[in-house]
Amino acid sequence: MNPSHHDAGLGARAVTISRVADNQWHAIENDLVVGRSHASRRLDGRTFVSIDTWRDDVFDRLAAAMQADQAAPQYTVVDETDHDLTASWVRAGFATWRRESEFVVPTELAPGTVPSGVVIATADEEPLRELDQAIRAEVESTVGWATMPAEVLPWQGGTRPIDPSKYTIAQRDDRYVGLVRLATMTRRPRIGLVAVLATEQRHGIARALLTQALHGLHRDGFDAATAEIDETNTAATALFQGLGARRTGGSLELVRRQGKD
């Protein structure tokens, strides 16, 4: 494609910003790449941007180039301890939108009490898909997808693949009412989602699901799992802390909205 150029002004370093693809920019100085930036549109419709450079002046020019070429709002994620990178994004007009805490959860615990009339079991695809869609519709109509972790994608319609082996479900009568999803292909298993239908909440189903899933991980030789929780979700934080979860870090999601030049 024909790259677009954003040249430095008089008195600035001889750095040229070039758009090398629809969503990628390079900062060039003396024929060397001294910085890169990237924008990606996720399935929830939001655009996330990133910049890789060790120089503040290059960061600022790459940020300006992306802002000129990409519509607001734009989002980015930084580690909460990376104060220099956070300051760079703030200088570019970004502000903190949400915070997410990272927890390590021990697996050595007995399965919790299962509420009367509820069964904790493995999942079958068709009823799991129905529950998945029902939970996504509830999120869409209440807190909204913008508050969900990036890995929890909104329903896209069609026949999106769903793997029942990653789920443990709670069933009441003939209906699935809650689920926990685990990712076990990482060094330490990750709890991707815990969700219970609104009409079934506050009965201990989420705790029963979690303890059952964690007990299974311990039986398979894992001593701990990880989880990320939005810091405004006090109910989830209390649930995990009640299971002995320990906070190990966090991340910030920042946003730049229209008119924040």
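A salt bridge is a side-chain nitrogen of Lys or Arg within 4 Å of a carboxyl oxygen of Asp or Glu. This predicted model holds 15 salt bridges. Side chains of opposite charge can pair when their charged atoms come close. Three of the pairs are listed here.

| Acidic residue | Basic residue | N to O distance |
|---|---|---|
| Glu253 | Arg46 | 2.6 Å |
| Asp230 | Arg98 | 3.1 Å |
| Glu125 | Arg129 | 3.0 Å |

The salt bridge between Glu253 and Arg46 links distant parts of the chain, 207 residues apart. Glu253 sits in strand β13 (residues 246-256), while Arg46 is in the loop between β4 (32-41) and β5 (47-52). Glu253 has a relative accessible area of 5% and is buried. Arg46 is buried too, at 7% relative accessibility, because buried means under 20% relative accessible area.

Asp230 and Arg98 also meet in a salt bridge. Asp230 belongs to strand β12 (residues 224-230) and Arg98 to strand β7 (residues 95-106), so this pair ties together parts that are 132 residues apart in sequence. Both Asp230 and Arg98 are buried.

Glu125 and Arg129 form a salt bridge within helix α3 (residues 125-141), where they are 4 residues apart, or about one helical turn. Glu125 is partly exposed at 38% relative accessibility, whereas Arg129 is buried at 12%. Elsewhere, salt bridges with shared partners join Arg46, Arg98, Glu100, Asp230 and Glu253 into one network.

There is also a negative surface patch, formed by Asp79, Asp82, Asp84 and Glu102. One of these residues, Asp84, lies in helix α2 (residues 83-91). Asp84 is exposed, with a relative accessible area of 64%.

Technical notes
Residues numbered from 1 in each chain as written. Predicted model: local features only at pLDDT ≥ 70, side-chain atom pairs only at ≥ 80, totals over all residues. Heavy atoms only, no water. Patch = residues over 30% accessible without salt bridge, like charges linked within 9 Å, V, L, I, M, F, W, Y side chains within 5 Å. Areas by Shrake-Rupley, 256 points an atom, 1.4 Å probe, with all protein chains shown as cover. Lys, Arg positive; Asp, Glu negative; His and termini not counted. Charge placed at Lys NZ, Arg CZ, Asp CG, Glu CD. Helix = DSSP H or I, 4+ residues; strand = E, 2+ residues; numbered from the N terminus. Buried < 20%, exposed > 50% of the residue type's maximum accessible area, 1.4 Å probe, protein only.
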